[in-house]
Amino acid sequence: MTLGTRVTVVVTLLVAAVLAGSGYAALKVRRANLEADLDREAHEIATALRAGIEPLDPSKAEEMLLARARAARKHDELFGLEVLSIGSEQRTDDDAWLLLMRAADIQDAPVGRLFDSSSGPRSYAMAVPLFDVTALELPPRHPARHPTAIMGMRRDAGYIDAEVAATARRIYPLFLLVVIGVAIGVRFAIEQIVVRPLRRLLEGIDAVGKGDLSRVILAERDDEIGTIAGRFNAMTGSLREAREETERVAGARLGLEARLRQSEKLATIGQMAAEIAHELGTPLNVIGGRARAMAKRAEKAARRAAEEPPPDRGTGAAADVVKNATIIGDEVSRITKIIRQVLDFSRPRGPTVTRVHLGAVVAEALEFLRETIHRQGIEVEVQTMPAPPEVPGDPDQIQQVCLNLIMNAIHAMPEGGTLRVATEPVLRRKGGLDLAPPAEYAALIVADSGPGIPAADREKIFEPFFTTKDEGQGTGLGLAVSHGIVKDHDGWIEVDSPATGGAEFRVYLPIDTGTLAGFPHPPATDGAGQSPASSTRSTSTVDASFPGSDLAEMRSIGKD
Ligand SMILES: Nc1ncnc2c1ncn2[C@@H]1O[C@H](COP(=O)(O)OP(=O)(O)O)[C@@H](O)[C@H]1O
Ligand SMILES: [Mg+2]
């Protein structure tokens, strides 16, 4: 059974019960009223009867009373009359009459009541005591006062039942109409107020079940259904948010996976580059050696040939050979150096702590990026202190930080600009250690004249995979990795990017920390005479195959 039907049935039954009850009560009152009317009428008629007959003459009583009874019958009066007793002579043996007669004698007044009869309709009967002159002179209820005769008045009371039945017939159809009306009204109201909103609620829930979270229902109502609808809307709202969040997270994860794949690819390419570089080492070695040998031999031959005339290397075939062989040798050195850097850069190494010469790190990084810097028309200002600071740390890692910062600066100035790289010792307190005494730090500063970093991004640039660069351009890992490295070295990075443009990254590394947590300390291999940069490569086994690739040579190439 639907809710609408159930409520309708219950309300209709209630209304019908109330109406039936009140109808029954109304009929009862009606019957009581009719009976009271009948009783009153009987008393009035009895009074009139007595007035017409009393004082009764005992000698003529019988004749007179019988005549009166006959007259009543003849005129078809409302009440039929009969003589119940005259003097001591009793003329009836009907129990009902005897009862009434006794009561009338005792009460000294007419007494009437309704009688049910097993056969036929009910009837009203009244015993009317009649007195003679002597009795009338006595005060009422005097012990010596007895009726001379008693007349019986009787009337058929079936009309009362008929009247009540007629009333019932009149009101019950009316009640039935009311009940039907109520049923229809309730049904309609329930439909409007409850069933239809519930149906819409159900439709909404079904829609949510099918994945449609855009439904907003019944927001305007202020009752319980409105509350449910409100909660429903809130629920779909939060589901919607949760779904958007899930989608966002899934999207982010997809992006992350793509970038991870990209970095894996880069790592593989790095490995391949390292292998190729390693393979190229030997032939380059041979070419370089042969070129130098050729140059030497040609020079010697030229000198011998020119013993008589003044030596002139600028002319003749020998001079050409020397010149070309020298060019070949130089270019081979250059290629060797580039390959070496690629190798150094791509080779993963465990961290080692030595003293790192920041000035050398800067020079090496700038050299590595020289081509790009030149191509983009970037002006470079290098301000390394006369005695550039040395810091304890892993040279490769610090080199990576330096390269990352300079690469970002270069990326920020595609149309050219000024790149400033500086190193300097500073006396600083580490952030969060306000009470500690200031300590000596080496600052590595990389500043550019690019557009700068928007304030909104400044919080995020150190997050892994945060990048504003185009697909394939940035991995979003540079600053994250740099931050990790600097933290491992007990240092920190500061960023300044004024609204006027440009960005300045400052890396602070402690100059002397004693031990650096988290770093394995290798046996002290950084001999005093060794240059810091070359000491970083003391672990390399590939280096041996590269001729003339020490830092001094790289610097000399970097200067031209
Ligand atoms: N010098 C700079 N000028 C402007 N923005 C910078 C600079 N350095 C870093 N950023 C911003 O920080 C982001 C993250 O840098 P990074 O972690 O190196 O990743 P990537 O260079 O691969 O984007 C860059 O995408 C860029 O938006
Ligand atoms: Mg970067």
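**Reading sheets, helix pairs and a ligand shell**

Student: I would like to start with the turn between β11 and β12: how many residues lie between them, and which residue in the turn has a positive phi?

Tutor: β11 and β12 form a hairpin with six residues between them, and the residue in the turn with a positive phi, of about 110°, is G501. The names follow DSSP runs numbered from the N terminus, where helices are H or I with at least four residues and strands are E with at least two. This is a predicted model, in which local features need pLDDT of at least 70 and side-chain atom pairs count only at pLDDT 80 or more, while totals for chains, interfaces and linings use all residues. Residues are numbered from 1 along each chain as its sequence is written, chains are lettered from A, and ligands are numbered from 1, both in the order in which they are written.

Student: In what order do the strands of the sheet with β11 and β12 stand, and which stand at its edges?

Tutor: Pairing requires that DSSP find at least two bridges between two strands. Here five strands form an open sheet in the order β7-β9-β10-β12-β11, with mixed pairing. At the edges stand β7 (378-384) and β11 (492-496), each with a single partner strand, so one side of each is left without a neighbour in the sheet. Direction ignored, neighbouring strands are turned by 15° against each other on average. β11 and β12 (residues 503-510) run antiparallel and are joined by five bridges, with D496 opposite E504 in β12.

Student: Which helix packs on this sheet, and which strands does the helix touch?

Tutor: Contact is judged on C-beta atoms placed from the backbone, which must lie within 7 Å for two residues. Helix α10 (residues 395-412) packs on the sheet, where α10 touches β7, β9 (417-428), β10 (439-448) and β12. The direction of α10 makes about 30° with that of β10; axes are lines fitted to C-alpha atoms, for helices over the stretch in contact, and angles run from 0 to 180 degrees between N-to-C directions.

Student: How should I read the other open sheet of five strands, with the order β2-β1-β5-β4-β3?

Tutor: Its pairing is antiparallel, and the edge strands, each pairing on one side only, are β2 (89-90) and β3 (111-115). Eight bridges join β4 (residues 123-130) to β5 (residues 149-156), and L130 stands opposite A149 in β5. Helix α1 packs on this sheet and touches β3, β4 and β5, its direction making about 30° with that of β4.

Student: At what angle do α1 and α5 cross, and in which hand?

Tutor: The axes of α1 (residues 3-53) and α5 (residues 158-209) come within 8 Å and cross at roughly 160°. The two helices are therefore roughly antiparallel, since angles over 145 degrees count as roughly antiparallel, under 35 as roughly parallel, 65 to 115 as roughly perpendicular and the rest as oblique. Their crossing is right-handed: the near helix is turned clockwise from the far one by less than a right angle, whereas anticlockwise would be left-handed. The contact has 24 nonpolar, five polar and six charged residues, where Ala, Val, Leu, Ile, Met, Phe, Trp, Tyr, Cys and Pro count as nonpolar, Asp, Glu, Lys and Arg as charged, and the others, Gly among them, as polar.

Student: Is the pair α5 and α6 roughly parallel or antiparallel?

Tutor: The axes of α5 and α6 (residues 224-305) come within 11 Å and cross at roughly 10°, which makes α5 roughly parallel to α6. The crossing is left-handed. P197, L201, G204 and V208 in α5 meet I225, I228, A229, F232 and T236 in α6, a contact with seven nonpolar, two polar and no charged residues.

Student: Which residues are closest to ligand 1, and which elements give two or more residues to the shell?

Tutor: A residue is near a molecule or strand if its C-beta atom, placed from the backbone, lies within 6 Å of it. 22 residues surround ligand 1, and the closest are N408, T467, G474, G478 and L479. The elements that give two or more are α10 and α12 (478-488), and α10 provides the largest share, four residues. By class the shell has nine nonpolar, 10 polar and three charged residues. The axes of α10 and α12 come within 9 Å and cross at roughly 145°, in a left-handed crossing.
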